Amino acid sequence: MSLLKSAESKILACLQNDVWSRFVTLSNQNRIWTLKVTNKSSHKHKDQAAKTPLVMVHGFGGGVGLWIRNLDTLSCSRPVYAFDLLGFGRSSRPSFPSDASLAEEQFITSIEQWRQSLGLERMILLGHSLGGYLATSYTIQYPERVSHLILVDAWGFPERPQPQLQGSGGQGSEVKRVSPPRWVKALVSLFSFFNPLAVIRAAGPWGPGLVNRLRPDFKRKYEDLFDDDTMTQYIYHCNAQNPSGEVGFKAMSESLGWAKRPMVQRVHLLPPSMPVSMLYGERSWVESSTGNTVAQIRGKSPTSITLIEDASHHVYADQPEEFNRVVESICNTVD
């Protein structure tokens, strides 16, 4: 954990605006590691304080450090909060239940207790990947606390396609979808017994090198800020700790990463007046057509879909200028 703190400190040293960072203690004594970034220009502080804060929720295996290319710009006109989800980064790592709905509820309760501890009345809530799934679930439960929901390449929305028997032109013949080879099924079955990031911990001292080889893109995404392995070291130390939030994620997901409780089945529970903005990376593995499905389900409710060119799943790091511009524009519609 001390190495994670050191890596994060090096990352946050890049920020130009004022940073307030501390652990926020919840009623159950769990602690949520939190950043608040505000504009350094003192004459803007009064105007800024009156604006609805932006709260940013990272994705699976991430932490507050991944927002380093966004925090300064987005905090120019309003306070920006970022926190490590319960069970991730520097936050507490409690045990999570194996039931999907109970694991989800534990995440949501921690976010609400965090909000209460900070006294935030309303917020613009932005979530990336797993953070987008949890932000939606939170907004369904506590809609009065969210002014605008921003989903960035959100995980867990589509329903898992079911293998179907297809008739061919009424001839009575049936064509089965091609089944994966037996060895693939065996591997998937084997890995289902492990937590998703177990291989990183099992690698021991070779772990950081393994992260570098598995995710060389992280180094490239931030190479204008760091010419060394700072970001991959940060990712490694975020995930070399005892698995906690990772266990919660495993409880909520089916094999190959589908959600057991797909969010498309619940988006109709969002208030009709709740504005929802969905951002997708053009080259992401997350299917942007899900945004169209959400828009159809919500009907006349305010729902927008933005595709960011030349961006993969980590939209905020691939195209930070465009991402910041789009998010700032959305925030300005609130106040």
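Which residues are buried in helix 14? The views below, taken from a predicted model, start with that one.

**View 1. Helix 14 and its buried face.** P320, F323, N324, V326, V327, I330 and C331 are the buried ones here. Looking down the axis of helix 14, you'd find its buried residues within an arc of 165°, so they line one face of the helix. Turn to the face pointing away from that buried side and you meet the exposed residues E321 and T333. As for length, 15 residues at 1.5 Å each should span 21 Å, and the end C-alpha atoms are indeed 21 Å apart.

**View 2. S110 in helix 4.** S110 sits in helix 4, which covers residues 100-118. Its relative accessibility is 5%, so S110 counts as buried, the limit being under 20%. Beyond its neighbours within four places in sequence, S110 is in contact with L26 and L86.

**View 3. The salt bridge between R90 and E8.** Here the closest N and O atoms are 2.9 Å apart. This pair links distant parts of the chain: E8 belongs to helix 1, while R90 is in the loop between strand 4 and helix 4, 82 residues apart. R90 is buried at 11% relative accessible area, and E8 is buried too, at 1%.

**View 4. The salt bridge between R115 and E112.** These two are three residues apart in helix 4, so about one helical turn separates them. Their closest N and O atoms lie 2.9 Å apart, and both R115 and E112 are buried.

**View 5. The salt bridge between E121 and R145.** The closest N and O atoms are 3.0 Å apart in this pair. E121 counts as exposed, at 55% relative accessibility, whereas R145 counts as buried, at 19%.

Terms used:
Residues are numbered from 1 along each chain as its sequence is written. This is a predicted model: local features need pLDDT of at least 70, side-chain atom pairs count only at pLDDT 80 or more; totals for chains, interfaces and linings use all residues. Side-chain values use heavy atoms; hydrogens and water are left out. Helices (H or I, at least four residues) and strands (E, at least two) are DSSP runs, numbered from the N terminus. Buried means under 20% relative accessible area, exposed over 50%, partly exposed in between (1.4 Å probe, protein chains only). Contact means heavy atoms within 4.5 Å. The expected span of a helix is 1.5 Å times one less than its number of residues. The arc is that of the directions from the helix axis to the C-beta atoms. A salt bridge is a side-chain nitrogen of Lys or Arg within 4 Å of a carboxyl oxygen of Asp or Glu.
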